[in-house]
Every structure is written in C-alpha cells, then in structure tokens.
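Hi everyone, thanks for coming. Let's put the structure up and walk through a few of its charged pairs.

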Amino acid sequence: MHGSCSLCALLLFFHYVEPQTILQSPPFLSVPPGMAVEMSCSVEGTSNPNMYWYRKTPQQPFEMMFLSRGTGMLDDSPETHFRAERPGAQHFILRADSVRQNDTAQYYCAWSITVSDRMLRAAQKPLQELEGAANMSRT
C-alpha cells in the first residue's frame, strides 16, 4: 500500500511538469538581396530564460549574434547589419532591413536557464564550515 501511494505522488508530479519547447518561425526563409527579413523565436515551459541568436555559414563555425538576458535587455554585440529585440520574457526577434548575398546562412535561436551568482552564493556552504566538517571526520 505504501509503495502504491509513492507511485501516485510520483505520477502526479510528472503530470504537472511542463515540457520546454522552442519555436522558430519561419522554419525556412529565402528572399532576394535587398528585402527585409524578420525571424521570430518563442520559448514555452520555462520562465524568463536567456535567449540567443546564432548564425552558421558553410565556411564558418557557429557565431553568436545576440544574447538577451531578459525582456528588453540585449548584451553588446558587434553585429551591425542585423538587430534583435526582446519584447517579452519568452519572445526574441531577429531583423534585417535589407539582406545581402553574404547573409546566406542558417540562423538558430536557442535558450538557457542560468543560475545567478547571488543564488549560487546563497546555496553554497561557507568554506570554514566545510573544512570544519572535514576535520571532524578525521578525528
């Protein structure tokens, strides 16, 4: 009986876990030089993730174009031809007013959750406490 109750609680837990998905649109885009483009990315199932735009050309490795750590926030980027916008916690947009021939590439949106330094410090035990526990175990 006790084992079946544990299984019920475990099943209820997994029932409420929401999967994380990332949606990029359009999935494929081909436009002639001189045209404006807009690509959109949205994340579901997580709150306020870091979001990224990457570019991959046949001749070059993956290149991070933009990083956003939250709504309305963009880290500095050397990119001048494209621009990015983070209008909402789960939405990231990549735009160019006039694409060029050498903009031909694969563009990827990605997301991550990163624990802040403040949260890490709060979760870590002080070094003295850890050393004291190690000394106690030796005696």
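**Salt bridges and a sheet**

So, start with aspartate 97 and arginine 83, whose side chains meet in a salt bridge at 3.1 Å, N to O; by that term I mean a side-chain nitrogen of Lys or Arg within 4 Å of a carboxyl oxygen of Asp or Glu. Aspartate 97 sits in the loop between S6 and strand S7 (106–112) and arginine 83 in strand S5, so this pair ties together parts 14 residues apart in sequence. Strands here are DSSP runs of E, at least two residues, numbered from the N terminus.

A word on the source: this is a predicted model, where local features need pLDDT of at least 70 and side-chain atom pairs count only at pLDDT 80 or more, while totals for chains, interfaces and linings use all residues. Residues are numbered from 1 along each chain as its sequence is written, and side-chain values use heavy atoms, with hydrogens and water left out.

Is aspartate 97 buried or exposed? At 53% relative accessibility, it counts as exposed, while arginine 83 is partly exposed at 38%. Buried means under 20% relative accessible area, exposed over 50%, and partly exposed in between, with a 1.4 Å probe and protein chains only.

Next pair: glutamate 79 and arginine 55 form a salt bridge at 2.7 Å, N to O, and both residues are buried.

How many salt bridges does the structure hold? Six. Another one joins glutamate 38 and arginine 95, also 2.7 Å, N to O. That pair links strand S2 to strand S6, 57 residues apart.

Notes: Helices (H or I, at least four residues) and strands (E, at least two) are DSSP runs, numbered from the N terminus.
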